[in-house]
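Trainee: I'd like to learn how to read a fold from its coordinates. Could we go through one together, piece by piece?

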Amino acid sequence: MNKPKIGIRPIIDGRRAERANLEEKVMSMAMAAKILIEENLKDTDGEYVQCVIADSTISGSAQARDCAEKFARENVVGTLSVTSCWCYGSETMDTDPMTVKAVWGFNGTENPGAVYLAAVLSAHAQKGYPAFSIYGKDVQDKSDTSIPEDVQEKILRFARCAIAVGTIRGKSYVNIGAVSMGIQGSYCDDNFFQKYLGIRPEFVDMIEINRRIKEEIYDKEEYERAYKWTLEHCQEGMDNNPDKMQHTRSQKDEEWKFIVKMTMIIRDIMLGNPKLRDQGYYEESLGRNAIAGGFQGQRMWSDWQPVGDFSEAFLNSGFDWNGPRKPIILATENDTLNAVSMLFGHLMSNGSSVFADVRCYWSPEAVKRVTGWEPEGKAAGGFIHLINSGAAALDGTGQSRDKAGNQVMKPWYDMTDADVDACLRATKWCPASAGYFKGGGFSSQFRTAAEMPVTLVRVNLIAGAGPTLQIAEGYTITLPEEVHQIIDKRTDPTWPTTWFAPNLTGRGAFGSVYSVMAKWGSNHGAFVYGHIGKDLITLASMLRIPVSMHNVGYEDVFRPHCWDGFGTDGQESADYRACHAYGAMYR
Ligand SMILES: C[C@H](O)[C@@H](O)[C@@H](O)C(=O)CO
Ligand SMILES: [Mn+2]
């Protein structure tokens with residue numbers, strides 16, 4: 001596979017007499033940027049991102065063409081033009097409308113790279129090609145070949161987000177089933193996926209799962225292994241159903257077998273499986289080139305078949321019976337917009353995304369009234385109950401540990417056997433709530449028992465405004481045991497619970513926890529590990545999705561330079577105007 005790459009364009013003054021001493025400097029900047037990216041940035045496969053450098057320095061349009069040809073062959077999705085000197089803006093710039101662009105101008109004054117930067121950015125702005133501006137805060141000596149820290153951060157953020165744009169381009173979104181319970185996000189918007197993300201939506205009827213189970217279209221050797229592993233590692237939890245609604249032991253035993261097969265089948269529908277080819281199922285073996293998908297579940301499935309919770313929970317986790325593996329994004333209730341939220345979070349963290357109902361704001365007063373406990377510390381302003389109706393990536397237990405022993409959620413490729421074990425031990429599988437889910441199955445029950453920095457994300461579609469993004473950085477918090485029990489039991493205690501306290505800024509949407517909840521765009525959100533709001537803001541600007549609400553500091557907002565041409569004060573409204581002016585990336 002020709003993976004997306006970052007292309008580096010060393011730019012130079014065309015006057016050969018002048019450039020002799022510059023050639024080396026500009027090439028050394030290109031090389032330094034390549035090394036920085038290749039040594040620090042991993043893609044979602046856990047592989048280091050690759051860069052290509054133009055075959056020659058670029059002083060004008062002939063060399064710009066040669067470079068563009070090379071980059072097209074190499075699947076370059078983001079271009080970083082670098083220079084330490086004055087060069088000719090509109091003659092050297094990258095004019096390929098499909099690449100994401102940045103320019104790094106060396107901050108020195110002998111041969112002013114930053115003057116080129118300013119000039120070429122004005123050309124980008126005037127021609128309508130958004131480009132990110134990178135330029136160090138402090139003047140460097142001409143002989144200094146190091147990349148200052150502020151420049152490093154910008155180069156890496158640009159590269160991470162550009163690679164994400166290239167990773168999703170040309171992939172598919174697989175809707176398994178149709179619309180769940182009238183949830184609007186579950187009406188897959190073809191226009192949004194195709195034009196904003198470059199992703200092709202596809203539909204597969206849920207009956208396909210039954211067909212593959214009935215006709216045994218799955219890898220039987222893997223199934224035996226997966227089933228055995230499941231019996232050993234997945235603890236059955238309490239049956240919360242009234243006695244007469246409980247399924248019998250033998251029904252439950254059959255349901256376990258069914259849900260393991262169903263998980264493999266959904267994965268195979270999305271990604272394919274060469275083993276199916278050996279069984280004579282060539283078309284099935286190909287899969288659907290999915291980057292994400294969703295499962296309708298309620299109601300036409302869950303009214304008579306085991307719920308999809310086991311499948312959704314494991315596919316979204318950073319591991320399964322085969323050990324650590326890349327999360328396979330699968331939205332609950334076919335909420336396509338939450339799937340995109342999960343996808344964005346995954347692309348920025350290389351870890352799992354946890355799907356959740358944004359269910360309830362617990363004010364400090366309400367907590368006190370119901371439990372007698374006065375919230376303190378991070379809970380002092382109240383908190384939000386994140387709880388999906390039965391499925392969540394097991395990474396959300398917060399049981400993985402970093403080297404220092406802190407509880408974290410990790411990029412999947414850093415997960416150890418001990419992490420996997422700990423996540424499994426913290427999860428119970430409770431028979432699904434029979435009132436809601438007549439077909440049985442098992443819900444993943446856990447509580448996030450860790451204080452972790454996380455970012456809650458949601459993509460919305462707003463008539464008149466188009467797609468928008470909401471970002472809330474904050475912390476998962478833990479509550480005193482008794483308090484947790486009292487308020488968790490007010491809803492379905494067989495579901496996975498996370499208590500979330502967003503970081504407050506004292507202003508606007510982040511003036512209070514209440515306001516964060518009140519302004520959330522839908523019943524769902526997805527959280528990932530870390531405070532990745534600044535990465536999401538950069539990614540959203542590349543895809544021309546305005547951010548309607550965020551709690552990231554002004555200094556950390558990094559968008560294409562021309563965004564400032566739409567206003568530098570009220571960042572949100574300038575973002576909307578810029579996104580509308582440039583429009584979706586793929587027309
Ligand atoms: C069981 C219920 O139907 C839940 O699935 C429902 O509250 C939701 O999750 C809505 O998003
Ligand atoms: Mn829901």
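Trainee: How many bridges join S9 to strand S12, residues 330–332?

Mentor: Keep in mind that we're reading a predicted model. To read a strand pair, look for the bridges and then the direction. Here three bridges join S9 to S12, and the two run parallel. For a concrete pair, take glycine 293: its bridge partner in S12 is leucine 330.

Trainee: Is strand S9 mostly covered or mostly open?

Mentor: Mostly covered. S9 spans residues 290–295, and six of its six residues are buried. S9 also pairs with S6: five bridges join them, again in parallel.

Trainee: What is the bridge partner of asparagine 175 in S9?

Mentor: That's glycine 294. Asparagine 175 has a partner in S7 as well, namely phenylalanine 203. That second pairing, of S6 (residues 172–176) with S7 (residues 200–204), is parallel and has five bridges.

Trainee: How does the chain cross from S6 to S7?

Mentor: With a β-α-β unit, you follow the path over the helix and ask for its hand. From S6 the chain goes through helix H6, residues 190–197, before reaching S7, and the crossover is right-handed.

Trainee: Now the core. Which residues touch the most other members of the largest nonpolar core?

Mentor: General idea first: in soluble globular proteins, nonpolar side chains tend to be buried together. In this model the largest nonpolar core has 166 residues, and the ones touching the most other members are Ile6, Ala162, Ile266, Leu343 and Leu536. Helix H5 (residues 149–168) gives the most to this core, ten residues. The core also draws at least three residues from each of domain 1 (5–168) and domain 2 (172–582).

Trainee: What is isoleucine 266 in contact with, leaving aside its neighbours within four places in sequence?

Mentor: Its contacts are Ile176, Ile209, Phe295, Ser311, Leu315 and Leu330. Leu330 should ring a bell, as it's the S12 partner of glycine 293.

Trainee: Zooming out, why would you say the chain's radius of gyration agrees with a compact globule?

Mentor: You compare it with what the length suggests. A compact globule of 587 residues would come out near 25 Å, and the chain has 25 Å, so the two agree. The C-alpha atoms fill a box of roughly 90 × 60 × 50 Å along the principal axes, and 52% of the residues count as buried.

Trainee: And how many helices and strands are in the chain?

Mentor: There are 19 helices and 23 strands. As for contacts between residues at least 6 apart in sequence, 74% join residues at least 24 apart.

Conventions: Residues are numbered from 1 along each chain as its sequence is written. Chains are lettered from A and ligands numbered from 1 in the order in which they are written. This is a predicted model: local features need pLDDT of at least 70, side-chain atom pairs count only at pLDDT 80 or more; totals for chains, interfaces and linings use all residues. Two strands pair if DSSP finds at least two bridges between them. Helices (H or I, at least four residues) and strands (E, at least two) are DSSP runs, numbered from the N terminus. A crossover is right-handed if, with the strands pointing away from the viewer, the path from the first strand over the helix to the second runs clockwise. A nonpolar core is a set of buried Ala, Val, Leu, Ile, Met, Phe, Trp, Tyr and Cys residues joined through C-beta atoms within 7 Å. A residue is buried if 20 or more other C-beta atoms lie within 10 Å of its own, exposed if 12 or fewer, and partly exposed in between; C-beta atoms are placed from the backbone. Domain bounds come from an automatic or database domain assignment. Two residues are in contact if their C-beta atoms, placed from the backbone, lie within 7 Å. The radius of gyration is taken over C-alpha atoms; the globule rule is 2.2 Å times the number of residues to the power 0.38.
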